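Opening my notebook on this one. I want to go through the model piece by piece and jot down what I find.

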Amino acid sequence: MAAPTESVWSMLQTLGRSVDFQTKVYRNQPTGQRIWVSYMEPMIDLEMAVKNIFPYMIHYPFSSLQDLCDALPLDEVHLSSDPNGMKQQLLEGYLLIRLNETDETGLLVKAQKTLERTLTIPEVEFSVVGPKESFIESLETNLYLLRKRIPSDHLTVNMFRVGTLSQTKLAVVYIDGIADRENVQTVLQRIQAIEFDEIIDSSYIVQIISDNRHSLFPQLLDTERPDRVAAVLAEGKVAILVDGSPHALIGPTTLVEFFSSFEDYFLNWTIASFFRLIRLFSVAFSILITPIYVATLNYHYELIPKDLLGTLITSRKEIPFPPILEVLFLELTIELLREAGARLPTKVGQTIGIVGGIVIGTASVEAGLTSNVLLILVALAALASFTTPVYKMGNTIRLMRFPFLLFAEMWGLLGVAFCFCIVMTHLLSLTSLGRPFLVPLYPPRWKDWKDALIRLPLTSQAKRPSSLRTQQPIRFDGKKAKEKRDIDE
């Protein structure tokens, strides 16, 4: 017997250390040729292999692997002599077929087992109107959802593998001829430069390739809606999809996009603009109301109307703690209830949130630990924070209250203003894939305001956002779109 090929043999020996790696010997009945078949058992669809591969391998007369390759009625079948490529594909669910145990060349046949959940409605970005499909953990299915919405030959997909251990498949998607080449190149370079062993979810990619990894503000927008991704691709943005993740990443993005629900585009523009302004007001209210309460009670009693001053004094006359401790107690209680509700099973979590909030709130007021006025303000602030349509930005809003509270305790409304200046300075310095994060607010892009704080009619949005520097700035003829034309039959 000839000496085994060192590279292929060592590769198979390494895989063979695991009990789920199998190498079996079969015999071709017409020729009597022995056949070595190696595969990773959990990754193989044995039913498919028995039906579509083994009959040709055992009953079809062939003299070489090329003959067998030509006979198999499958698409992903190829010859290979690269040990590294063989190993990677064996781990993904390929069969390795050899005619001799010492052969350096083998036939790789895809027989991968596919287990994935079916398409479901969006859970995080649910909408009453509009499509009800969401991404799932299969990269191929997610790309299909995009291709179905954009059946264009300009839709370009670049595939990568990230993670030295996980070898996770990742796709960078954009529309060639529309997306700015610099934005595309920035994404491609950052993906290629990733040095990490295990990439499990798209959230890992956000933390690695973001411009400022220490910022509380997410600089890439994540979404579970394929319709939203298709829409922003048409605007000239770049999307990143990761195998095993039901969320896509979008960039470059801006701050105002995190407060825009995609359902806005399915409603009349006046209603959508009203809801968008409500969200922005809710965010400001959620962050500032309790710091203003602390600042006012500590330093600025003269700002309280006389009719309200008596109510505040009455509600706090039995409270033994200063306003800051009173606020921190309720804020942390709300956060504990929210975190407990998120970690428990759905039905139990809802019960804990409702019952716990009522019981603890009522008991704290009756025990004289907090005032009923503050309890109302904290409950409204918590309710307002839920209007943020993007979960990660919602977490940022929740955390931002605490530094504002600290500054309000130290310097009153002056401290709140100072903390606001710090946040704005940070936002002005932030970028998303090298593009300003506050655009179109700053640097001002007046033409892009048509879809920022408010949303104008779709017929008024004939141009793509100027901040994206797209290759095709014009989307359609705006004048013709605004004309109401009746065609006579």
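Where is the place of Leu-433? I looked it up before anything else, keeping in mind that this is a predicted model. Leu-433 sits in the loop between β11 (431-432) and β12.

**Entry: backbone oddities**

I stayed with Leu-433 and checked its backbone. Its phi is positive, about 55°, although Leu-433 is not a glycine. I noted that because most residues other than glycine have a negative phi. I also asked whether Leu-433 is buried or exposed. Leu-433 counts as buried, since its relative accessibility is 6% and the cut-off for buried is under 20%.

Arg-469 went on the list too. Its phi is near 50°, again a positive value in a residue other than glycine. I found Arg-469 in the loop between β12 and α16.

Next I went through the peptide bonds, with the reminder that most peptide bonds are trans. The bond from Gly-251 to Pro-252 is cis, with omega near -10°. Pro-252 belongs to the loop between β10 and α10 (269-299). I wrote down a cis bond from Val-439 to Pro-440 as well, with omega near 5°. Pro-440 is in the loop between β12 and α16 (478-482), and that loop also holds Arg-469.

**Entry: the cavity**

How many cavities of 30 Å³ or more are there? I got one. The volume of the largest cavity is about 40 Å³.

I then pulled up the lining: Val-187, Leu-220, Val-238, Ile-240, Leu-249, Ile-250, Gly-251 and Leu-433. The elements that give two or more residues to this lining are β9 (238-242) and β10 (248-251). Strand β10 gives the most, with three residues. By class I have seven nonpolar residues, one polar and no charged ones.

Two names were already in my notes. Leu-433, with the positive phi, is one of the lining residues. So is Gly-251, and the cis bond to Pro-252 starts from Gly-251.

**Entry: salt bridges**

I counted 20 salt bridges and picked out a few that link separate parts of the chain.

Glu-76 and Lys-110 meet through their side chains at 3.4 Å, N to O. Glu-76 is in the loop between α4 (65-71) and β3 (77-80) and Lys-110 is in strand β5 (residues 106-110), so this pair ties together parts 34 residues apart in sequence. I checked both ends for accessibility. Glu-76 is partly exposed, with a relative accessible area of 39%, and Lys-110 counts as partly exposed at 28%.

Glu-182 pairs with Arg-435, the closest N and O atoms being 3.7 Å apart. Here helix α7 (residues 181-192) supplies Glu-182 and strand β12 (residues 435-436) supplies Arg-435, so the tie joins parts that are 253 residues apart in sequence. I put Arg-435 down as buried, since its relative accessibility is 8%.

Glu-331 and Arg-401 form a salt bridge too, with the closest N and O atoms 3.2 Å apart. Glu-331 comes from helix α12 (residues 323-343) and Arg-401 from helix α15, so parts that are 70 residues apart in sequence are tied together. Are these two partners buried or exposed? Glu-331 is buried, with a relative accessible area of 1%, and Arg-401 counts as buried at 1%. I followed the shared partners from there: salt bridges join Glu-331, Glu-335, Arg-338, Arg-398 and Arg-401 into one network.

**Entry: the surface of α15**

Which residues make the nonpolar surface patch of about 620 Å²? I listed Leu-406, Met-410, Trp-411, Leu-414, Phe-418 and Ile-422. I looked at Ile-422 more closely and found it in helix α15 (residues 391-429), the helix that also holds Arg-401. Ile-422 is partly exposed, with a relative accessible area of 41%, whereas Arg-401 is buried.

**Entry: one last pair**

I finished with Arg-161, which is in strand β6 (residues 155-162). Arg-161 is partly exposed, with a relative accessible area of 35%. I took its C-alpha distance to Ile-191: the two atoms are separated by 9.1 Å, with these positions 30 residues apart along the chain.

How values were computed. Residues are numbered from 1 along each chain as its sequence is written. This is a predicted model: local features need pLDDT of at least 70, side-chain atom pairs count only at pLDDT 80 or more; totals for chains, interfaces and linings use all residues. Side-chain values use heavy atoms; hydrogens and water are left out. Patches are made of residues with over 30% relative accessible area and no salt bridge: like charges are joined within 9 Å, nonpolar side chains (Val, Leu, Ile, Met, Phe, Trp, Tyr) within 5 Å. Accessible areas come from the Shrake-Rupley method with a 1.4 Å probe; for residues, only the protein chains shown count as cover. A salt bridge is a side-chain nitrogen of Lys or Arg within 4 Å of a carboxyl oxygen of Asp or Glu. Helices (H or I, at least four residues) and strands (E, at least two) are DSSP runs, numbered from the N terminus. Buried means under 20% relative accessible area, exposed over 50%, partly exposed in between (1.4 Å probe, protein chains only). On a 1 Å grid over the protein atoms alone, a cavity is a set of points where a 1.4 Å probe fits but cannot get out, and a pocket is an open set with protein on both sides within 12 Å along at least five of seven lines; lining residues have an atom within 4 Å of a point. Grid points are joined across faces, edges and corners, and a volume is the space filled by probe spheres set on the points. Ala, Val, Leu, Ile, Met, Phe, Trp, Tyr, Cys and Pro count as nonpolar, Asp, Glu, Lys and Arg as charged, and the others, Gly among them, as polar.
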